[in-house]
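Biologist: Please choose a single part of this model and take me through it closely, since I am new to the structure. I would like to know what it packs against, and how far the picture can be trusted.

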Amino acid sequence: AEESYNFANKEEIEIVKDFTFLKTRSFPLLACRLFDRYRDLAPQLVPLDYTKRPNVKLPYELIASMPELKDNPFRQRIAEVFSEDGEGNMTLDDFLDMFSVMSEMAPRELKAYYAFRIYDFNNDDYICKSDLEKTVNKLTRKELTPEEVCLVCNKVIDEADLDNDGKLSLEDFQHMITRAPDFLR
Ligand SMILES: [Ca+2]
Ligand SMILES: [Ca+2]
């Protein structure tokens, strides 16, 4: 599904290609383990034999119930971003991609790229102030008042908006997380 991603530059595409390569060639055991977990979510839907690339998608509700996601305030966005249909329903490939990017082995640049997409709630390739407000609310689990959230967002945009267009591009974002790595968790 690489072609459907809006990569900011060629370098990004290379990182993802390399990673996909690693995932499938160097970690077959991990892929097998993840396939088992995918199948365990709905054994009646997922065939054991994937050689014919069956057209199977697991509904978002099942994906969101997994221990890695169920307490994550971004679970819906994560599933949306990694699902080919954009609605959080996942094919096996979507599922493998999601867990690969979430794993310790994933390169930082790749995590940053997907974090950006997750925080870009309206999928317009920028994190604007309202995207950022949603992000901060979720990261802080609504512990801040609206005024405090507004202050934090203004400060983040002030400091990270390198080209002064009032919103964060992927480039602005990558620059920002080198100083505020919390946004990657
Ligand atoms: Ca946006
Ligand atoms: Ca900007």
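Modeller: The buried residues of helix 9 pack against two other elements, helix 8 (129–139) and helix 10 (170–177). Helices here (H or I, at least four residues) and strands (E, at least two) are DSSP runs, numbered from the N terminus, and two residues are in contact if their C-beta atoms, placed from the backbone, lie within 7 Å. This is a predicted model, in which local features need pLDDT of at least 70 and side-chain atom pairs count only at pLDDT 80 or more, while totals for chains, interfaces and linings use all residues. Residues are numbered from 1 along each chain as its sequence is written, with chains lettered from A and ligands numbered from 1 in the order in which they are written.

The residues of helix 9 that count as buried are Cys 153, Val 156, Ile 157 and Ala 160. Because these residues fall within an arc of 95° when seen down the axis of helix 9, they line one face of the helix; the arc is that of the directions from the helix axis to the C-beta atoms. A residue is buried if 20 or more other C-beta atoms lie within 10 Å of its own, exposed if 12 or fewer, and partly exposed in between, with C-beta atoms placed from the backbone. On the other side of helix 9, the exposed residues are Glu 147, Glu 148, Asn 154, Lys 155 and Asp 158. Helix 9 itself covers residues 146–160, and its 15 residues reach 21 Å from first C-alpha to last, close to the 21 Å expected at 1.5 Å a residue, where the expected span is 1.5 Å times one less than the number of residues.

Turning to helix 10, its buried residues are Leu 170, Asp 172, Phe 173 and Met 176. Seen down the axis of helix 10, they fall within an arc of 155°, so they too line one face of their helix, and what covers them includes helix 7 as well as helix 9.

The loops leading up to helix 9 also deserve a look. Lys 142 is found in the loop between helix 8 and helix 9, and although Lys 142 is not a glycine, its phi is positive, at about 60°. Lys 142 counts as exposed because it has 12 C-beta neighbours inside 10 Å. Asp 125, in the loop between helix 7 (108–119) and helix 8, has a positive phi near 70° and is partly exposed, with 13 other C-beta atoms within 10 Å. Most residues other than glycine have a negative phi.

As for the wider setting, the protein has 10 helices and 0 strands, and 23% of its 185 residues count as buried. An unreviewed UniProt entry lists "domain: EF-hand" for residues 107–142 and 148–183; such annotations are given in the numbering used here, with feature names shortened, and may be inferred rather than shown by experiment.

On trust, the mean pLDDT of the protein is 86, and 82% of its residues reach 70 or more, pLDDT being the predictor's confidence in each residue, from 0 to 100. Among the elements, helix 1 (residues 10–26) has the lowest mean pLDDT, 58, and helix 3 (residues 60–64) the highest, 98. Over residues 1–7 the pLDDT is below 50. Where pLDDT is low, the predicted coordinates should not be read in detail.
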